[in-house]
Structures are given as C-alpha cells and as structure tokens.
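Colleague: I'd like to go through this model with you and ask what stands behind each label. Let's start with a single residue and work outwards.

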Amino acid sequence: MSNKDSGAGGLTISGFGLEYPGLFAIQHPRIAAMVLIALVASALASLASIRFDDNIQRAMSSNSVYARDYRAFEQGLGTKTSDFIVLVASNETFGPAELERLRDMTLDVALLDDVLTVLSPFSARFAKNHEQFPGAPVFPQDISTETLTDRLPAYRAGNMNQPEMISPDGRIMIVTIAVDPANGRARLRDTHADIIETLSDYTGDGFTLTVTGEDAIAFEIVGGLQRDLITLNLLGCLIALFMALLIFGDLTVALVAVVPAILGTLTALSLFVLFGLPMTVISNVIPVLVLVLGLADSIHLTMYFKKSPADLSAKERAELSIREIGPACGLTALTTAIAFAAVAMVDNEQLREFALIGGLGVMVSYVVVIMFFAFLAPLCVGAKAGRSRGDWFKVPPLIGRLVLSRDRAIMVASALIAAASIWGFLRTEPWFHFNAYLPVNSEIRQANEKINETFGGFFRMWHELDLTGDETSGDDWQRLTALTDTVAAAAPDYTVVSLVTIARWFGRPETMPDRTDLSDLPESILTQFLSLDGNTARVVTFAPEPMANRQTLETHDRIERAAGNAGAIRTVGFPVILRHEPAIVIGQLEVSLIAACLIAVALVALAFRWPALLVVLVVPNMLPLILTAASLHLIAGGLLNPTAMMALTIAFGIAIDDSIHFINRFRLERARGHDVDQALNIAIDRTGRVMIATTLLISAGLLVTLTSPFTMVRLFGIMLILTFITALLADLVLLPALLRQKWVRS
C-alpha cells in the first residue's frame, strides 16, 4: 500500500510530536535499545516491591466535613485499638460443653501478644443491682443446662442495650478482640494471623469461626488483590495473543504486536513502585486497560507495516508506519490520559492515585510500544500474509446506505435515545455497598451479613455531647441520658452504649459514674465514652454499613437525625463516611467527566484544526455514556456508585479514539478530491473495519474483569465494554450523519 492510499493521519492530524520516540528508536537504535533494556529491567525488578492497600478508610475518605470530623475525632481519641470480631456459628444450639470449649478459646486468644482485651459472652456480667444475680458473671465457672435456661434469659431481659454477643437461638456468637496497633501494620497482620491460628485449634467441633472487623477486611482485600492481579494480567496476555493471531494469522506477526504491549504494561505497573503507591481494588484494573490499549496501538502499527510498500527496506517501512500511524495513536493515548487526569479532580486520595498511575501508565506504555515496534517490526518481513482484519470485520453495506439516505432521521432518533437515557440516568440512585470491596466468595463478606442480621453490625458510630462541667446541676447527665435513650429508641435492634449504660449497670442510673467506678475500665474503652479532657461525652452505636440494604440506610439516617435533635454536636465514625462520602465523590466525578469531555474534544479539534469538531465529537461520544449510565437500571438495579461514574470518565477517553480515526480518514478522502458522501462511504467501509476490530479487541481484553472476585472490578469492566460497543455504533452511524451537515463543513 502506498503512502497516498494508506489513509493514515500524518497528512491531516497533528500528533503533537508523540511519534518522535519511535522515530528516535529508528534513528538511534543503540541508545534506544539501552534505554528500553534499562526500563524493562528496572520494571521487572520492581515487581517484587508492589504493595497493596490495607487501609479501607482511604477508599472513601476525602476532605469533606464528615471525613475531617472523623480524622479529628481519631486524633483526639487517645489510646486506640484495632478490633477483630470473631463470628462463631453452629448448626445446633450451643450446649454447656460447647460453651466451655468456646470459653477456653477466648482465654487462649487473650494470652496472645498485643491482645489487650477480649469481650465475649463469658466476660459479660449482670448489673450490680440485679435481683437474682447481682454483679455475677452470666456464665459461671461450671456451665450447665440451668445456665442456658435461667441465667442467660435473665441477662437478656435486663441487659439495657449492652451487647448480648449471643443470638436468641443460641447458635451464633461474636467475640471482640481488642489489639494494640501501636507496633505498626506488619505486627498487626502477624497478630491477626496468630488469632486465626489459635482459632484453628477449635474448628471441627461443630463450629465455624470467621475473623472480621475493619482490619481483617483490609487484609482479606489485600489477599484478593494479589490473586486478582496475577489472574487478570495472565488472562489478559493470553486473550491479547489470541486476538492478534485471529487478526494476523501468523504467530511471528502476532508476537510483534503483543510483546510491545506486554512490555508497556509491565513498565506501567512499575509506576506503583516508582511513586511509592499501593495498589487498590480499583487501580488493579489499570494494567489490563494499559495492555489492551497498547495492543490496539501495536496492531495499528503492525498492520500498516505489513501493507506498506514491499520495495522499501524494513527500516524504511517501520519509519513510514511510525510517521503515518504514530500521530493518531499518540493522540488517542493523550485523550485517554486526559480522562484519567480528570479523575484527579475528585477529592479522594485513592482516586487521585488511580488518576496519576493510569494517566502516566497510558503514556509510558505508548512510548514503550512505539519504540519497541521500531525494533521488532522487521521480524514481520517474510511472514505469511494471513488474513487481514478487514477480511474478518466488514461493515454491513446497510449502514452506509442508511447514513446517506436517512441522516436527519438518525439524528432525530439519536436525540430521542439521548432524552430517554438522560431520563433513566437521572433516576439512578447514588449507592455504595462496602461489601463490593470484598471478594464475592469471601467468608468475611458472609460473616458480615450474618452479624448485621443477628446483632445489628460492628462498625462504631460516636455521638458526641459537649459537657458544661457543672457536676452539681446534673444537667449534663440528664442531657447524656436523653441522648442515649433517644439513639437507642431510633435503633432498637442495635447496641447503644455510653456512661449511662455503665451507670445503670452499677445500679445508679441517676448520677454519672465517678472516677473510682471507672477505674477498672481500660483506657482504650473509657475514651470511647469520655474524652481525655473530660469535656465531651460519647454515645457509641454499633451499626452495620449504612447501605447494606434499604432498612439499614433508613435506620442510619434516623439515628443521625435523632442524635442531632437530642443535642449531639456531631456524629462520627466509619458508617458516617460510608453514608455520605459516595454521594460527594459521585458529584465530583460528574464534574471530572464533563471536564474530560471538554478538554479531550478541544484537543482533538485543535489537532485537526477544525473548530466544528467541538460540537460534532461531543454528541456521538456522550450518547454512549448516558446510554450506558441508564443501563445501570438493568445491570445494577438503578444504583450509581463511584466506580460506575469513574468507568464512564475513562470510557470517554478511550471511546473517542474511534472518532479520531474516522474523522482522520474522512478528511484525507476529502483532500483527495472525493465529495462528502464518497468520503463518508470510504471511511465507513475502510476505517469502520478497523474500528470494529479494535473495539472487539479492547472489549475481549476487558472480559477478563468478569473473572475478578471483586464486584467493583466486574462493574468497571462491564461499563467500559457497554460504552465501547455503543460508541462504535454511534461512530459508524451518528458521526457520519453529523459530518454530512453543511454547518459542520462551513
């Protein structure tokens, strides 16, 4: 194929010099080879240093008032503990023998290093003024049938919102293990492992024991991330090789296309180590995205090389491919990087890290791909021709006829679809279920749901009340009592604890416990209820994540309102973050999506030096986004979470690539003297084949996300695939219909 017939973008599009790394590799092969070898070697060496984020609070924390209040609260909390929750479940009611064995288990756990306290049914005591068992342990030294038929029901009848820790049917129990986190995360992980090892001695006795809690959840996520990273990338490489073989029909040529993309992905992966950033659930998809995008560029370059004039030398053919295809590939990489960069507008640390690594990763991968192509392309010389992708992916002739004869009808139909999609999108509901961060087959995920159903949850919320310090008036105590009772009434199924609860246990509910009464409480527990300076009292509510279901959300909102009405100056805690932060993040992501669209469209219009593209590109590229957003009613029950919004932003940066290639071909054909309809027909037929091939290529690569155990990763992949497919249809039908309009060409 001659340069004139290539349809490449070099004559009509500016790549802003992004093709120069490939040309440098052609002109200075030794220097480029040393650079690439050093780059790949350092990337390989860095893989062993990749870290995974084990701080779940970072996932939803921003600089909102809710996050600032929570951070300030934690800083002033004084002694802090990390709590592990053990869920003990049995198919049969616990009998005396089973309970004695479980008590032995709690005693063994209490002896572990760094374990501060163990709260369980065996540490529970009756109130000191209890009529039958004043101040006595609920479970005596010798547990008998009478304990279960007499003492335990008596405790439940008068526990005054104290944690029961054993279900009404006697088949489920929770044990809270407070651990000193002062020795760092590594030591905490070791303690977590020690707890699990100790519990393993008690499995097989008819019990299932699952360790959960904020830190246990974090460690579970890390384990899932490590497995997921390996699975996604191995499957991604296999799919990439398969698709390249399908397109080229020759193993050597397929490897020429795939190897640069894999090496580009490897280099992008090393950015996590270079910037000292951990991988998260959502950033785990970056390597796969970089792989499929790099492969698309590599296939563009390799396909052009194969069809370049055979009378040229291999070096000349490689240089020609880079000069003609490189600018368009560079521009598409740039628009994708812009989409990633737009995510950095969100006030969330993890998402900003995602934006940084994703944006740089795409650009670094592009540079690696185009430079490695310069070295590997000559291997294609002499390879069998195989079948071109144009032979595999033909555009139905009906599309061309439809565009040329029904362009206005297409625009009207598109407007109606857009209106319906906007209507559907506006009726989605911001929602974030924290379990989405856990693998779907996680035992912890199932344990959390069981704890929510049986005990009301284990996440803590603190309702703070300012004290006047006038102990003689009793006003502070009355206000604290009112706050405690109001919150308890708002959440009758949740555990609510405060100094009022302790006073009632002492049998003196009318007065605040004095320092002597409280001296037996560990400081880590006392500071939950009273600040170190004694100026703030706290009511603690043990709750599930707010958006576990509709009922938990309604209860959470009722608690916040009731606490505020009862005088609480603020309510803080991880559940508060989970309730309010997603809506804030979604709103910020909507702004970042608009910014990404405007910047990317302006950049492409500048590259083509065609102002009308500011309008033309927005319509066919926004329609797929709102259509995919509306599809959340089908794929996610109408719930809109931050992952979905972020996927739409990234999808726009990638989906616009097809528009770039289509417009580039249209402009080139117009420059060759064809009229509008002829140019559109040629672009639909020839570029359309490439668009179909690359869309299927990218979508096939993203199918690996469906193997992920993380719901968020699956949703991210589904949203991208849906957007790319609808964007392909928009670029083949709506975009050419718009280009037929006179105002576009004026």
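**What the labels rest on**

Colleague: Why is asparagine 448 called buried?

Modeller: Its relative accessible area is 6%, and buried means under 20% (exposed is over 50%, partly exposed in between, with a 1.4 Å probe and protein chains only). So asparagine 448 falls under the buried cut-off. Keep in mind that this is a predicted model, where local features need pLDDT of at least 70 and side-chain atom pairs count only at pLDDT 80 or more, while totals for chains, interfaces and linings use all residues. Residues are numbered from 1 along each chain as its sequence is written, and side-chain values use heavy atoms, with hydrogens and water left out.

Colleague: Where does asparagine 448 sit, and which residues does it contact beyond its neighbours within four places in sequence?

Modeller: Asparagine 448 is in helix H16, residues 443-455. Helices here are DSSP runs of H or I with at least four residues, strands are runs of E with at least two, and the numbering goes from the N terminus. Leaving those sequence neighbours aside, asparagine 448 touches Thr212, Ile217, Asn435, Leu438 and Phe458, where contact means heavy atoms within 4.5 Å.

Colleague: What about aspartate 114 and arginine 609: what makes their backbones stand out?

Modeller: Neither is a glycine, yet phi is positive, at about 75 degrees for aspartate 114 and about 55 degrees for arginine 609. Aspartate 114 lies in the loop between helix H4 (96-110) and E2, while arginine 609 is in the loop between helix H22 (574-608) and helix H23 (613-616).

Colleague: Which is buried and which is exposed, aspartate 114 or arginine 609?

Modeller: Aspartate 114 has a relative accessible area of 16%, so it counts as buried. Arginine 609 comes out at 63%, so it is exposed.

Colleague: How do you know that E1 and E3 pair?

Modeller: Pairing asks DSSP for at least two bridges between two strands. Strand E1 (residues 82-90) and strand E3 (residues 172-179) have 8 bridges and run antiparallel, so they qualify. Leucine 87 stands opposite isoleucine 174 in E3, for instance, and alanine 89 has isoleucine 172 as its bridge partner in E3. Towards E4, E1 has 6 antiparallel bridges, and there alanine 89 is partnered by threonine 208.

Colleague: What makes E1 count as largely enclosed?

Modeller: 9 of its 9 residues are buried, so the rest of the structure largely encloses E1. Ser82, Phe84, Val86, Val88 and Ser90 cover one face, with Asp83, Ile85, Leu87 and Ala89 on the other, and all are buried. Helix H7 (residues 214-248) lies across E1 and E4, at about 85 degrees to E1; angles run from 0 to 180 degrees between N-to-C directions, using axes fitted to C-alpha atoms, for helices over the stretch in contact.

Colleague: What is the strand order of the sheet that holds E1, and what makes a strand an edge strand there?

Modeller: The order is E2-E3-E1-E4 in an open, antiparallel sheet of 4 strands. Strand E2 (115-119) and strand E4 (207-212) are the edges, as each pairs on one side only. From one strand to the next, the twist averages 20 degrees.

Colleague: And why are E7 and E9 called edges in the other sheet?

Modeller: That open sheet of 4 strands runs E7-E8-E6-E9, again with antiparallel pairing. Strand E7 (495-497) and strand E9 (570-573) have a single partner strand each, so one side of each lacks a neighbour in the sheet. E7 pairs with strand E8 (residues 536-543) over 3 bridges, with threonine 495 matched to phenylalanine 542 in E8.

Colleague: Last topic, the empty space. What is the mix of residue classes around the largest cavity?

Modeller: Its lining has 12 nonpolar, 8 polar and 3 charged residues. Ala, Val, Leu, Ile, Met, Phe, Trp, Tyr, Cys and Pro count as nonpolar, Asp, Glu, Lys and Arg as charged, and the others, Gly among them, as polar. Among the helices, H10 gives the most to that lining, with 6 residues.

Colleague: And how much of the chain is buried overall?

Modeller: Buried residues make up 59% of the 746 in the chain, which has 29 helices and 10 strands.
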